[in-house]
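The exercises below are meant to be worked with the sequence and the model open side by side. Try each task before reading the solution that follows.

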Amino acid sequence: MKRRLALVALLVLAVLGALWLRPVPAPRPPGSWMADVGVQPAFATVGGLRVRYVRRGAGPTLLLLHGLASSIYSWKDVIGPLSARHDVIALDLPGFGASDIPRDLDAALYPRVVLGLLDGLGVARASVAGNSLGGAVAIVLAARRPERVERLVLIDSAGFNFDAADRPWVLRLAGSAAVTGLLERLPVQRPLARLGLRQVFHDDRLVTPERVAEYEQGLARPGAVAFVRELLDERQDMGFPGIVSAVRAPTLILWGAEDAWIPVEHARRFAEAIPGSRTAVIPACGHVPQEERPDEVARLLLEFLDARPGGA
């Protein structure tokens, strides 16, 4: 079995190496998008970890939580329209983007850090939108600290897919210690990022050199790939899937119809588990609608967030 795994790892690395050698036009430096959006990165220390965040706008607070191996960048195209009517806060979850990589990992880390950041910023209550892993964190917050969550938006959320067998093959491979060791030692972060993005986007044309560079930057940090493996190997599942049915906040479930990582069938499972929730499926869209269809996502979020109580 170990020999077979090693052979698979070598085959994958060969493919990644071939992709890495393909000529790619030089993109703008990572982080250049922040000036375009009108935000500046700030840092807060929460539980001994340095956490990067951005904040823009005024009005009811909306917190944005990205997915696995992503960062604040995932929200760049929706921060502008959302901040026209809301106080928008987006952060890099620990281990990703420019936030510290934790030495110790436990299931309560992300909810604890998110609440600590909100406390430090003086935010008592916020609506929370989360994509993929960020959706799972948002669910935990809404279920266990309902007084802190006004409304909940789940975008292609994790929660019913924590078993290893339910993961896409790239994540199953990344969960192998042997493969992670090779990825840490070889310069393959760029093809790894490109490969992952081609899986999560329905339209490959959106896998641009700039987007690849942004994702590559996070993976290239020492210890970043090993942290992803540790997170995937974390046996504490934050109470899923049972915790989903404890959510009582008004909830919007958004899903890309062509999501290859978490199939649209999971949207129905969330809708059945969360009383009174509403669902919108976005056609011709993959796992990251906020990047692939940002105008539609912003519109749907604003309609939901600004609806009067009882009309959610």
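**Exercise 1.** Which helices each supply at least two residues of the lining of the second largest cavity?

*Solution.* Begin with the search itself, which was run on a predicted model and finds 2 cavities of 30 Å³ or more in the whole structure. The second largest cavity has a volume of about 50 Å³, and its lining consists of Ala-69, Ser-70, Gly-95, Phe-96, Gly-97, Gly-218, Leu-219, Ala-224 and Val-228. Next, set these positions against the helix boundaries: α9 spans 209–219 and α10 spans 224–233, and each of these helices supplies at least two lining residues. Finally, sort the lining by class, which gives 5 nonpolar and 4 polar residues and no charged ones.

**Exercise 2.** Describe the second largest pocket by its volume, its central residues and the classes of its lining.

*Solution.* The second largest pocket holds about 170 Å³ of space. It is lined by 13 residues, of which Arg-52, Gly-97, Glu-214, Gln-217 and Gly-218 are the closest to its centre. The largest share of this lining, 4 residues, comes from α9. By class, the pocket lining has 4 nonpolar, 6 polar and 3 charged residues. As a last step, return to the cavity lining, where Gly-97 and Gly-218 are also listed.

**Exercise 3.** Is His-86 buried or exposed, and what does its side chain reach?

*Solution.* Locate the residue first: His-86 is found in the loop between α3 (76–83) and β4 (87–91). The relative accessible area of His-86 is 3%, and because the cut-off for a buried residue is under 20%, this histidine counts as buried. Then examine what surrounds the residue: leaving out residues up to four places away in sequence, His-86 touches Arg-56, Gly-57, Ala-58, Gly-59, Pro-60, Leu-62, Leu-302, Leu-305 and Asp-306. Within this set, Pro-60 deserves a second look, since the side chain of His-86 reaches the backbone oxygen of Pro-60 at 3.2 Å.

**Exercise 4.** What percentage of the residues in the protein chain is buried, and what share of the contacts with a separation of 6 or more joins residues 24 or more positions apart?

*Solution.* Start from the secondary structure, which comprises 13 helices and 8 strands. Of the 312 residues in the protein chain, 54% are buried. Turning to the contacts with a separation of 6 or more, residues 24 or more positions apart account for 75% of them. To finish, consider the accessible surface of the chain, which comes to about 13,700 Å², with 55% of it belonging to carbon and sulfur atoms.

Definitions and conventions:
Residues are numbered from 1 along each chain as its sequence is written. This is a predicted model: local features need pLDDT of at least 70, side-chain atom pairs count only at pLDDT 80 or more; totals for chains, interfaces and linings use all residues. Side-chain values use heavy atoms; hydrogens and water are left out. On a 1 Å grid over the protein atoms alone, a cavity is a set of points where a 1.4 Å probe fits but cannot get out, and a pocket is an open set with protein on both sides within 12 Å along at least five of seven lines; lining residues have an atom within 4 Å of a point. Grid points are joined across faces, edges and corners, and a volume is the space filled by probe spheres set on the points. Ala, Val, Leu, Ile, Met, Phe, Trp, Tyr, Cys and Pro count as nonpolar, Asp, Glu, Lys and Arg as charged, and the others, Gly among them, as polar. Buried means under 20% relative accessible area, exposed over 50%, partly exposed in between (1.4 Å probe, protein chains only). A polar contact is a pair of N or O atoms within 3.5 Å; within protein, one must be able to donate a hydrogen and the other to accept it, and residues adjacent in sequence count only if both atoms are side-chain atoms. Contact means heavy atoms within 4.5 Å. Accessible areas come from the Shrake-Rupley method with a 1.4 Å probe; for residues, only the protein chains shown count as cover.
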